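Please open the structure in a viewer and keep the sequence beside it. The tour proceeds by selections, each followed by a short account of what is found there.

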Amino acid sequence: MKRTATSVWKGGGNDGSGHLTTKSLTLNKTQYSFSSRFEHGTGTNPEELVAAAHAGCFNMKLSFVLGNAGFVPDELETTCEVTIEDGTVTSSKLFLKAKINNIDQKTFEESVKDAKMNCPISKLLDTNITVEYSLI
């Protein structure tokens, strides 16, 4: 399986701007710039997209792990916070709220650990990854 996205950038790093398009067109000339990346401007940024990818990948992997243990989650809500310092992604923090009927705490914790270590985006990231989790 291969997935693609295209970035177009015009101008300098501080005053230029660009857009991102995915093959699926979920992102279709979605704007990004210095302001959207390093300040609070309109548009997306690479770190936000990594955070979305990590949260989504983690949830899907956890769903598969839980399924293999005999559980189907009612809902997995994961927020991911990616931190960049001095030009390097230094951490990816996952915050999970899970609704899973009849699961015991040990199975839940083992499943979360498995998903954290084995989702493809976790494997891709060369950074500190943490997960805070709760059953609700």
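The stops below go from the whole chain to single residues.

**Before selecting anything**

The model is predicted, so local features are given only at pLDDT of at least 70 and side-chain atom pairs only at pLDDT 80 or more, whereas totals for chains, interfaces and linings use all residues. Residues are numbered from 1 along each chain as its sequence is written, and side-chain values use heavy atoms, with hydrogens and water left out.

**The whole protein**

Show the protein as a cartoon and identify its 4 helices and 6 strands. Helices (H or I, at least four residues) and strands (E, at least two) are DSSP runs, numbered from the N terminus. Followed along the sequence, the elements come in the pattern β-β-β-α-α-β-β-α-α-β. The C-alpha trace spans about 55 × 30 × 25 Å along its principal axes. Of the 136 residues, 33% are buried; buried means under 20% relative accessible area, exposed over 50%, and partly exposed in between, with a 1.4 Å probe and protein chains only.

**Strands 1 and 2**

Select residues 5–10, which form strand 1, and 17–22, which form strand 2. These two strands pair in the antiparallel sense over 6 bridges; two strands count as paired if DSSP finds at least two bridges between them. Within the pair, Trp 9 stands opposite Gly 18 of strand 2. The hairpin of strand 1 and strand 2 has 6 residues between the strands, and Gly 11 takes a positive phi near 100° there.

**The largest pocket**

Keep both strands selected, since strand 1 and strand 2 each supply at least two residues of the lining of the largest pocket. The volume of this pocket is about 600 Å³. Its lining has 15 residues, and the closest to the centre are Lys 2, Arg 3, Thr 4, Ala 5 and Thr 22. A pocket is an open set of points on a 1 Å grid over the protein atoms alone, where a 1.4 Å probe fits and protein lies on both sides within 12 Å along at least five of seven lines; lining residues have an atom within 4 Å of a point. Grid points are joined across faces, edges and corners, and the volume is the space filled by probe spheres set on the points. The lining divides into 5 nonpolar, 7 polar and 3 charged residues. In this division Ala, Val, Leu, Ile, Met, Phe, Trp, Tyr, Cys and Pro are nonpolar, Asp, Glu, Lys and Arg are charged, and the others, Gly among them, are polar.

**The loop before strand 3**

Move next to the loop between strand 2 and strand 3 (30–33), where Leu 25 is placed. Leu 25 is not a glycine, yet its phi is positive, at about 70°. Its relative accessibility of 48% is why Leu 25 counts as partly exposed. Lys 29 is found in the loop between strand 2 and strand 3 as well. This residue, also not a glycine, has a positive phi of about 55°. With 58% relative accessibility, Lys 29 counts as exposed.

**Strands 4 and 5**

Select strand 4 (residues 75–85) and locate Thr 78. Thr 78 has a relative accessible area of 12% and is therefore buried. Show side chains to see the polar contact of 2.6 Å between Thr 78 and Asn 59. A polar contact is a pair of N or O atoms within 3.5 Å; within protein, one must be able to donate a hydrogen and the other to accept it, and residues adjacent in sequence count only if both atoms are side-chain atoms.

Add strand 5 (residues 88–99), which pairs with strand 4 in the antiparallel sense over 11 bridges. Here Thr 83 stands opposite Ser 91 in strand 5. The hairpin of strand 4 and strand 5 has 2 residues between the strands, and Asp 86 in the turn has a positive phi of about 50°.

**The cysteines**

How many disulfides does a search of the whole structure find? The search finds 0, a disulfide being a pair of cysteine sulfur atoms within 2.5 Å. Select Cys 57, which is in no disulfide; the nearest cysteine sulfur, that of Cys 119, is 3.6 Å away. Cys 57 counts as buried, at 16% relative accessibility. Cys 80 is likewise in no disulfide, and the nearest cysteine sulfur, that of Cys 119, lies 9.2 Å away. Cys 80 is buried, with a relative accessible area of 13%.

**Two last loops**

Finish with Pro 73, in the loop between helix 2 (46–68) and strand 4. Pro 73 counts as buried at 17% relative accessibility. Ile 100 lies in the loop between strand 5 and helix 3 (105–118), and at 9% relative accessibility Ile 100 counts as buried.
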